[in-house]
Amino acid sequence: MNTVIDSSLPTRIHRIYQELATLGSLEPSQRVNHLFSELVSISMSRSRGEADVVLGDPAVSAIREGLWRICSRGEYELERHWTRRIAAADDPAAELRSFPYAVNYEKLTRLELSGLLGVRDEPPRRVLFIGAGPLPFTSILLAERLGFPVSNIDVDEEACADARALARRLGLSEKLRFICADALACSDLSEFDCVFLAALVGMNRREKTRLLHHLHGVMRPGALLLVRSSQRLRTLLYPEVDIHGMAPFEPLLEIHPHDEVINSVIIAERPGHDRIAG
């Protein structure tokens, strides 16, 4: 049975990109929310044939990296808005659960922890999340489920300040630790059993490869790296990481959700017995 391909998709994607790119702000608003919702809806197609046609369209190919950068900005603005809203609420824990993508984060985190247990007998005790942003939802969930403090790195000072304020408001200052720094400037991550890498840290293959090589040099042998990726039309929102291009890490597991969870997951091991650089 032949798949019916919507020939209007490349034009729609380009229109969404152009409008988002020309807006003065990507802070949550009726129009911004509508445009991102439309883009997310398009990305949920399960058809490989449709994805191949759309992603192979020259107009779409030309804007892919620009679209990731817009999604990164939009995600930041959404998280900042909600972090401040949650921190100001009478019941911040209840307000956190009303975040529009709370269920997605909960499902993704559950999936990631299941994957980690699939490659190790025990869950990690010392976790670092790179690219936590102003709303470290995953780290909050990890701290709750693992029962251990979770460390977070983000290069943006305002994001770190908002995240710290949120942690205090939620009573999680002892459970969440924050470092404002570029991950490429971190010289020793050997204390961590597992490092999470957010999907929008590294906007292209060159940036991702550079980061992978740096992390290999500062993580301890045997530690796990969990990288968020994407597939098919979901690569309109997040860069795809090729599991075969994970070197110098050794890939162990790849998971591709087919429900409302957008991100794919790759779990890899830092192999070898050489010393940590530093």
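# Exercises on a predicted model

Strand 5, residues 224–229, is mostly covered, since six of its six residues are buried. The structure is a predicted model, and the exercises below start from this strand before they turn to helices, aromatic rings and backbone angles.

## Exercise 1: The surroundings of strand 5

Task: Work out which residues of strand 5 lie on one side and which on the other, and find the strands that are joined to strand 5 by bridges.

Solution. Step 1: Sort the residues by face, which puts Leu 224, Leu 226 and Arg 228 on one side and Leu 225, Val 227 and Ser 229 on the other, and since all of these are buried, both faces of strand 5 are covered.

Step 2: Look for the parallel neighbour, which is strand 4 (residues 194–197), joined to strand 5 by four bridges; here Cys 194 stands opposite Leu 224.

Step 3: Look for the antiparallel neighbour, which is strand 7 (residues 264–269), joined to strand 5 by six bridges; in this pairing Val 227 has Ile 266 as its bridge partner.

Step 4: Follow the chain from strand 4 through helix 9 (residues 205–218) to strand 5, and a right-handed β-α-β unit appears.

## Exercise 2: Another β-α-β unit

Task: Describe how strand 2 and strand 3 are joined, and name the helix that makes a β-α-β unit with them.

Solution. Step 1: Strand 2 (residues 150–154) and strand 3 (residues 176–180) run parallel and are joined by five bridges, and within this pairing the partner of Val 150 is Leu 176.

Step 2: The helix is helix 8 (residues 157–169), and together with strand 2 and strand 3 it makes a right-handed β-α-β unit.

## Exercise 3: The two sides of helix 1

Task: Explain why the buried residues of helix 1 are on the same side, and state what they pack against.

Solution. Step 1: Begin with the helix itself, which covers residues 9–22, has 14 residues and reaches 20 Å from its first C-alpha to its last, close to the 20 Å expected at 1.5 Å a residue.

Step 2: List the buried residues of helix 1, which are Leu 9, Pro 10, Ile 13, Ile 16, Tyr 17 and Leu 20. They lie on the same side of helix 1 because they cover an arc of only 130° around the axis.

Step 3: Turn to the face directed away from this buried side, where the exposed residues Thr 11 and Thr 22 are carried.

Step 4: Find the partners of the buried residues, which pack against helix 2 (30–43), helix 3 (48–55) and helix 4 (58–88).

Step 5: Check one residue of helix 2, namely Ile 42, which counts as buried because its relative accessible area is 5%, under the 20% cut-off. Leaving aside residues up to four places away in sequence, Ile 42 touches Leu 9, Arg 12, Ile 13, Ile 16, Leu 233 and Leu 236.

## Exercise 4: Aromatic rings

Task: Classify the ring pair of Trp 82 and Phe 99 and the ring pair of Tyr 105 and Phe 137, and say where these residues lie.

Solution. Step 1: The rings of Trp 82 and Phe 99 are 5.7 Å apart, centre to centre, with 80° between the planes, and the pair is edge-to-face. Trp 82 lies in helix 4 and Phe 99 in the loop between helix 5 (92–97) and helix 6 (102–119), so that the pair links parts of the chain 17 residues apart, and both residues are buried.

Step 2: The rings of Tyr 105 and Phe 137 have centres 5.2 Å apart and planes at 5°, so this pair is stacked. Because Tyr 105 is in helix 6 and Phe 137 in helix 7 (residues 137–146), the pair ties together parts that are 32 residues apart in sequence.

Step 3: Tyr 105 counts as buried at 16% relative accessibility, and Phe 137 counts as buried at 0%.

Step 4: Put the residues together, and Trp 82, Phe 99, Tyr 101, Tyr 105 and Phe 137 form one aromatic cluster.

## Exercise 5: Backbone angles in a loop

Task: Between which residues is the peptide bond with omega near 15°, and what is the phi of Arg 232?

Solution. Step 1: Recall that most peptide bonds are trans and that most residues other than glycine have a negative phi.

Step 2: The bond from Ala 247 to Pro 248 is cis, with omega near 15°, and Pro 248 is placed in the loop between strand 5 and strand 6 (250–255).

Step 3: Arg 232 is also found in the loop between strand 5 and strand 6, and its phi is near 50°, a positive value in a residue other than glycine. With a relative accessible area of 21%, Arg 232 is partly exposed.

Methods:
Residues are numbered from 1 along each chain as its sequence is written. This is a predicted model: local features need pLDDT of at least 70, side-chain atom pairs count only at pLDDT 80 or more; totals for chains, interfaces and linings use all residues. Side-chain values use heavy atoms; hydrogens and water are left out. Helices (H or I, at least four residues) and strands (E, at least two) are DSSP runs, numbered from the N terminus. The expected span of a helix is 1.5 Å times one less than its number of residues. Buried means under 20% relative accessible area, exposed over 50%, partly exposed in between (1.4 Å probe, protein chains only). The arc is that of the directions from the helix axis to the C-beta atoms. Contact means heavy atoms within 4.5 Å. Two strands pair if DSSP finds at least two bridges between them. A crossover is right-handed if, with the strands pointing away from the viewer, the path from the first strand over the helix to the second runs clockwise. Rings of Phe, Tyr and Trp (its six-membered ring) pair if their centres lie within 6.5 Å; planes under 30 degrees apart count as stacked, over 60 as edge-to-face and the rest as tilted.
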